[in-house]
Amino acid sequence: MIYVTKSSLPEFEEYAAEIKEIWESHRLTNMGPKYELLKEKMGALLSAERIELVNNGHMAIELALQALELEGEVITTPFTFASTTHAIIRCGLTPVFCDIDPVRCTMDPDKIESLITPKTSAILPVHVYGQICDIERIARIAEKHHLKVIYDAAHTVGETYKGKGLGAYGDLSTFSFHATKVFSTCEGGGVTCSSDRLSERLYTLQNFGINMDAEVVGIGMNSKMSEFHAAMGLCNLRHLEEMIQRRKERVELYRKALADCPGIELMPEQEHVVSNYAYFPIFVHKEALGIDRDQVCAVLYENGFFARKYFYPLTSEFPCYQGKFPIQETPVAHERSTQVMTLPLYPDLEEENILEICRILHSLGKQRRIQV
Ligand SMILES: *Cc1c(COP(=O)(O)O)cnc(C)c1O
């Protein structure tokens, strides 16, 4: 079975050498030397003025929301992973769902302003699949209405937009270093910002509210990154460029092989963006193909390929949210979520597997044409 992703690992010896010092220092966690070094390197990679490393990408979002001391409503996208919406609600805020741009699948800036009410305190868009949101327009809307902007940039490690890492944008941006992401510390995440005050708040919140002077100044939690996780990050970071290059080669192969595949729509590449090739989403058009996305997934599965219905359903359609608060209609996001699937993609995915997947997708359209 070929899965949709496969976690990148350094050579065992490389990791063993990296963690050897931990046995010498007995520093296992609490902002040790591995953490400090990774923090410096990630700050540079993400073009962040300030960065805090934490135990996962989900806590990164909750910390960002708490650091801003937000109240009321947060305008966000339902076309994302569960974490984004859960974080808003777990922080006592109300999500207000904005529809998406059909091409990029990111928040549609034309639809933000009509959702703003006196209770709105922030906008939380997602750079979904590493597609970058309309950062300039969102910044203008936020400024006009005095709103904060937090980007869920979980998918963007290793990418640049207009020459900068994605830690350079928004009031805060959050990142995931989960095992399934392009850059991994097994579990891990980061929050970037450009304000000293916010970065101090993030630091204390992730450490029980204890500040640099050992005073408890906030009702914090424990979301620190351990030395073992930081060590994995230091190893994986050495290979990140090569891993992205390998992903790029695989995406180019998919693009070439699927360029003229009836019923299969690809996402166009984005201007000003150097991609990390984190995902390869395709959209299935039932009218042209004769079968729908679920059936395409099933056919691939029968052939040993596990594609993912990512992101389906919309977070606003989750059973756990029904009846909890008014949920806005987002017809574009709904339609895209019924068409989309992500194909297997990871740095050592074999070329023949990619070609086989593409051959299956082409044959689906051919069967249809013969029937017609
Ligand atoms: C992975 C992911 C998260 C959560 O990150 P974890 O490190 O798994 O906690 C949040 N948002 C999006 C869009 C993600 O894909």
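User: Which residues does Leu-343 touch, not counting residues up to four places away in sequence?

Analyst: A general idea comes first: in soluble globular proteins, nonpolar side chains tend to be buried together. In this predicted model, Leu-343 touches Val-4, Tyr-254, Leu-258, Phe-280, Ile-282, Leu-300, Ala-307, Ile-357 and Leu-361, once residues up to four places away in sequence are set aside. Leu-343 is also listed with Leu-258, Leu-300 and Leu-361 as having the most contacts inside the largest nonpolar core, which has 87 residues. Another core, of 24 residues, lies apart from that one and has Val-54, Leu-68, Leu-198 and Leu-205 among its members.

User: How should I read the surroundings of the ligand, and which residues are the closest?

Analyst: One can begin with the shell of residues and then turn to individual atoms. Here 16 residues surround the ligand, and the closest are Gly-57, Asp-152, His-155, Ser-176 and Lys-181. By kind, the shell divides into 4 nonpolar, 10 polar and 2 charged residues. Helix 3 (57-67) and helix 4 (82-90) each supply at least two residues of this shell, and helix 3 gives the most, with 3 residues.

User: What lies 2.7 Å, 2.6 Å and 3.1 Å from an oxygen atom of the ligand?

Analyst: For Gly-57 the partner is a backbone N or O atom, which lies 2.7 Å from a ligand oxygen atom. For His-155 the partner is an N or O atom in the side chain, at 2.6 Å from an oxygen atom of the ligand, while Lys-181 places a polar side-chain atom 3.1 Å from a ligand oxygen atom. Taken alone the ligand exposes 380 Å², and the protein buries 93% of that.

User: Helix 4 supplies residues to that shell; which of its residues are buried, and what do they pack against?

Analyst: A helix can be read by asking which of its residues are covered and which elements lie against them. In helix 4 the buried residues are Ala-82, Ser-83, Thr-84, Thr-85, Ala-87 and Ile-88. The buried residues of helix 4 pack against helix 3, strand 2 (73-76), strand 3 (94-97), strand 4 (120-124) and strand 5 (148-152). After helix 4 comes Gly-92, whose phi is positive, near 80 degrees.

User: Is Glu-18 buried or exposed, and how does Asn-236 compare with the cut-off?

Analyst: The reading rests on relative accessible area, where buried means under 20%. Glu-18, in helix 1 (residues 12-25), counts as buried because its relative accessibility is 10%. Leaving aside neighbours within four places in sequence, Glu-18 is in contact with Lys-34, Ala-231, Leu-234, Cys-235 and Arg-238. Asn-236, in helix 7 (residues 227-238), has 8% relative accessibility and therefore counts as buried. With residues up to four places away in sequence not counted, Asn-236 touches Ser-8, Leu-9, Pro-10, Phe-183 and Ser-184.

User: Which peptide bonds are cis, and where is a positive phi found in a residue that is not a glycine?

Analyst: These features are read from the backbone angles omega and phi. The peptide bond from Tyr-310 to Phe-311 is cis, with omega near 20 degrees, and the bond from Tyr-312 to Pro-313 is cis, with omega near -10 degrees. Phe-311 lies in the loop between helix 10 (293-302) and helix 11 (331-339), and Pro-313 is found in the loop between helix 10 and helix 11. Turning to phi, His-26 has a positive value of about 60 degrees although it is not a glycine; His-26 is placed in the loop between helix 1 and helix 2 (33-45) and counts as exposed, at 65% relative accessibility. Phe-208, also not a glycine, has a positive phi of about 60 degrees; Phe-208 lies in the loop between helix 6 (196-205) and helix 7 and is partly exposed, with a relative accessible area of 40%.

Methods: Residues numbered from 1 in each chain as written. Predicted model: local features only at pLDDT ≥ 70, side-chain atom pairs only at ≥ 80, totals over all residues. Heavy atoms only, no water. Near = heavy atom within 4 Å. Polar contact = N/O pair within 3.5 Å; in protein donor to acceptor, adjacent residues only side chain to side chain. Areas by Shrake-Rupley, 256 points an atom, 1.4 Å probe, with all protein chains shown as cover. Helix = DSSP H or I, 4+ residues; strand = E, 2+ residues; numbered from the N terminus. Nonpolar A, V, L, I, M, F, W, Y, C, P; charged D, E, K, R; others polar. Core = buried A, V, L, I, M, F, W, Y, C linked by side-chain atoms within 4.5 Å. Buried < 20%, exposed > 50% of the residue type's maximum accessible area, 1.4 Å probe, protein only. Contact = heavy atoms within 4.5 Å.
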